[in-house]
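Please look over the sequence and the three-dimensional structure shown below. The paragraphs that follow explain selected parts of the structure in turn.

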Amino acid sequence: MGTRAIRTLLTAAALLAAGPAPRAAASFYFTPDIPVTPTGVNILASEIALFNGAYGIQSSHPAGTLLDGVHRMSNGSWLISVESPTLLGGATFQPSDVILYDGTQYVSFYSGALNGLPEDTNIDALFLDGGDAGNLIVSFDVPTTLGGTTFDPADLVDLSGALPSLFFDASAATPPIPVASNVTGADARAGLVYLTFDVPTTLGAVTYLPGDVVTWNGASFALHHRDAGWVSGFFHGLALPASPGSVSNLTVFQAEATSELILSWNATCAPVGQDYGIYQGTIGNWTSHVAIDCTDDGGDRTEAIPVAAGMRYYLVVPHSDAAVGSFGSDSAGVERPAGAVTCAPVQVLGPTCP
């Protein structure tokens, strides 16, 4: 098929200016403490589900497994903890352990016994702060004394140092979180700490319910997500989406025979990037791009689209079910806005692929 190049987006990218941040939306992974059926989807305590405007199962574990904490890594693996001693993949893990699950094998990521945690310690929330190589942050289900310090059930504790230390001090927040409230799911991103509770928790004039996701910005709490269909149980683990990364070497050609545009690009370096979206905008209005195609047919990183009227520019952005990745940066190195219509409900920035 004869073609002629009409431009590459890497050249056009230098002209793009930064715009407003994408709209806020809720997208997260969780596991429930009991079987729940929000909006008709049955989710077991041994399963990890995704909420991205709807509910869907993402990871299932042996029947009877009571998951506690969950965390999504950028390579697609999970970090999990369990509520009671549990046999997984031929090994017995304790509630004080953190387990790495790559979709096939269960291996130890953090051993509570080898790190001096009391035998009855239960890690019931966990995440890595600062990416896959970040510090391990956990919460415990009851007041727990480690290294001479007692941590409350709503505290978040950094286990990465020589001695455990506070990452989030529930009693020092304004207003303080009651000692009777247990944080059962947590994550952090972009200056916000995300929390879930096991009981209704009143903070100031607002009562947050089990099944709510609450944020703390260092000065105040706010409701991030509430679903009227959530009528029983609570989140027994919470994980924000990992970044789908970015693409590079995007080229656009026009096919002379069909007058279609042929877009080709390199793969994202982030394994959680499951697919790619094509975004179209009007040249001169560099924040006007919207998704026109959210599926890379054939998985070959080449897509044909009809030629649109007027002067247009194009972007290709990786996405997962939970998030979109980077839209690239302008000539000043500032991330481009995500646009009004995207292939997933939130944007998560992370590795920029060479």
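Does R226 count as buried, partly exposed or exposed? At 42% relative accessibility, R226 counts as partly exposed; here buried means under 20% relative accessible area, exposed means over 50%, and partly exposed lies in between, with a 1.4 Å probe and protein chains only. This is a predicted model, in which local features need pLDDT of at least 70 and side-chain atom pairs count only at pLDDT 80 or more, while totals for chains, interfaces and linings use all residues. Residues are numbered from 1 along each chain as its sequence is written, and side-chain values use heavy atoms, with hydrogens and water left out.

R226 is a suitable place to begin. Side chains of opposite charge can pair when their charged atoms come close. A salt bridge is defined as a side-chain nitrogen of Lys or Arg within 4 Å of a carboxyl oxygen of Asp or Glu, and by this rule the count comes to one. That salt bridge is formed by D212 and R226, whose closest N and O atoms are 2.7 Å apart. D212 lies in the loop between strand 20 (206-208) and strand 21, and R226 in the loop between strand 22 and strand 23, so the pair ties together parts that are 14 residues apart in sequence. Strands, numbered from the N terminus, are DSSP runs of E with at least two residues. D212, with a relative accessible area of 2%, is buried.

Strands 21 and 22 lead to a sheet. It is an open sheet of four strands in the order 17-18-21-22, with antiparallel pairing; two strands pair if DSSP finds at least two bridges between them. Strand 17 (183-189) and strand 22 (221-225) are at the edges with a single partner strand each, so one side of each has no neighbour in the sheet. From one strand to the next, the twist averages 30°, where axes are lines fitted to C-alpha atoms and angles run from 0 to 180 degrees between N-to-C directions. Within this sheet, strand 18 (residues 192-197) and strand 21 (residues 213-216) are paired in the antiparallel sense over three bridges, and V193 stands opposite W216 in strand 21.

Strand 23 belongs to another open sheet of four strands, which has the order 4-3-2-23 and antiparallel pairing. Its edges are strand 4 (55-60) and strand 23 (235-239), each with a single partner strand, so one side of each is left without a neighbour in the sheet. The twist in this sheet averages 30° from one strand to the next. Five bridges pair strand 3 (residues 47-51) with strand 4 in the antiparallel sense, and E47 stands opposite S60 in strand 4.

Two hairpins may be considered next. In strand 11 (residues 123-129), six of the seven residues are buried, so this strand is largely enclosed by the rest of the structure. Strand 11 pairs with strand 12 (residues 135-140) in the antiparallel sense over six bridges, and L126 has V138 as its bridge partner in strand 12. The two strands form a hairpin with five residues between them, and G130 in the turn has a positive phi of about 100°. Another hairpin joins strand 15 to strand 16 through six residues. Strand 15 (residues 156-158) and strand 16 (residues 165-168) run antiparallel and are joined by three bridges, with D158 opposite S165 in strand 16.

Where does a disulfide join two residues? A disulfide is a pair of cysteine sulfur atoms within 2.5 Å, and the count by this rule is one. It joins C294 to C343, with an S to S distance of 2.1 Å. C294 lies in the loop between strand 27 (285-293) and strand 28 (302-306), and C343 in the loop between strand 30 (323-324) and strand 31 (346-347), so the pair ties together parts that are 49 residues apart in sequence. The torsion about the S-S bond is about -85°, so the disulfide is left-handed. C294 is partly exposed at a relative accessible area of 29%, whereas C343, at 17% relative accessibility, counts as buried.

The loop between strand 30 and strand 31 also holds G339, which counts as buried at 17% relative accessibility. The C-alpha atoms of G339 and V290 are separated by 5.6 Å, although these residues are 49 residues apart along the chain.

Finally, D275 lies in strand 26 (residues 275-282). The side chain of D275 reaches the backbone nitrogen of D296 at 2.8 Å.

Note on methods
Polar contact = N/O pair within 3.5 Å; in protein donor to acceptor, adjacent residues only side chain to side chain.
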